[in-house]
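Here is a short note for a colleague who has not seen this structure before. Please read the points with the model open.

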Amino acid sequence: MSESVLPVLDYLQRHVAGTLQPGQRSPLRYPTAISTLLGFEITAVQHGSATITVKVDPQTHGNQQGTVHGGFLVELADAAIGTAHSTVVGDGESFTSIDIRATFLRPVWCDTLTATARPTHAGRTITHYACDIVRADGKVAASVTSAVMTLRGEAARGR
């Protein structure tokens with residue numbers, strides 16, 4: 001069976017819809033190893049935006065206080081932001097996060113979380129993102145912002 005490389009957005013949309021065919025792949029690694037390990041699921045994707053969901057509980061994802069660890073929430077937002085940005089980079093380009101900031105608004109225990117990332121400003125090299133992590137009751141648990149740098153040429157090679 002021959003392999004076909006799809007643009008990232010097309011690949012991810014087919015992944016979400018369940019319509020990927022054998023041999024179809026993305027130029028980037030999806031699902032990522034860390035997302036698989038943590039149980040993240042891409043549930044929606046469009047040009048420049050992405051939504052990731054995950055089921056959490058303090059037994060697996062907890063901190064000393066018995067709530068879901070803030071670092072886990074930041075990783076969830078970073079995955080959504082990275083997925084969103086992967087849909088806008090071109091052939092031969094790569095990217096890296098250069099800043100991430102989290103504001104924790106509410107605790108999380110056993111829940112299903114939804115992280116939705118969207119660009120707030122897109123420049124040629126730097127794109128700023130906002131990502132809200134929402135609990136199943138519709139309340140925002142954390143708000144995360146990040147800046148992502150698109151790498152081109154030699155800076156992107158091998159990344």
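1. Start with residues 65-141. Their end C-alpha atoms lie 16 Å apart. The span is 22% helix and 44% strand, where helices (H or I, at least four residues) and strands (E, at least two) are DSSP runs numbered from the N terminus. The unreviewed UniProt entry places "domain: Thioesterase" at residues 65-141; such annotations may be inferred rather than shown by experiment.

2. A word on the source. This is a predicted model: local features need pLDDT of at least 70, side-chain atom pairs count only at pLDDT 80 or more, and totals for chains, interfaces and linings use all residues. Residues are numbered from 1 along each chain, and side-chain values use heavy atoms, without hydrogens or water.

3. Helix 4 has 17 residues. Of these, 13 are buried (under 20% relative accessible area, 1.4 Å probe, protein chains only), so helix 4 is largely enclosed by the rest of the structure.

4. The largest nonpolar core (buried Ala, Val, Leu, Ile, Met, Phe, Trp, Tyr and Cys residues joined through side-chain atoms within 4.5 Å) has 32 residues. Leu76, Leu113, Cys131 and Ile133 touch the most other members. Helix 4 (70-86) is among the elements that give two or more residues to this core. Its share, eight residues, is the largest.

5. Look at Leu76. Beyond its neighbours within four places in sequence, Leu76 is in contact (heavy atoms within 4.5 Å) with Phe40, Ile52, Val54, Leu113, Ala115 and Ile133.

6. His61 is in helix 3 (residues 58-61). His61 counts as buried because its relative accessibility is 12%.

Terms used
Buried means under 20% relative accessible area, exposed over 50%, partly exposed in between (1.4 Å probe, protein chains only).
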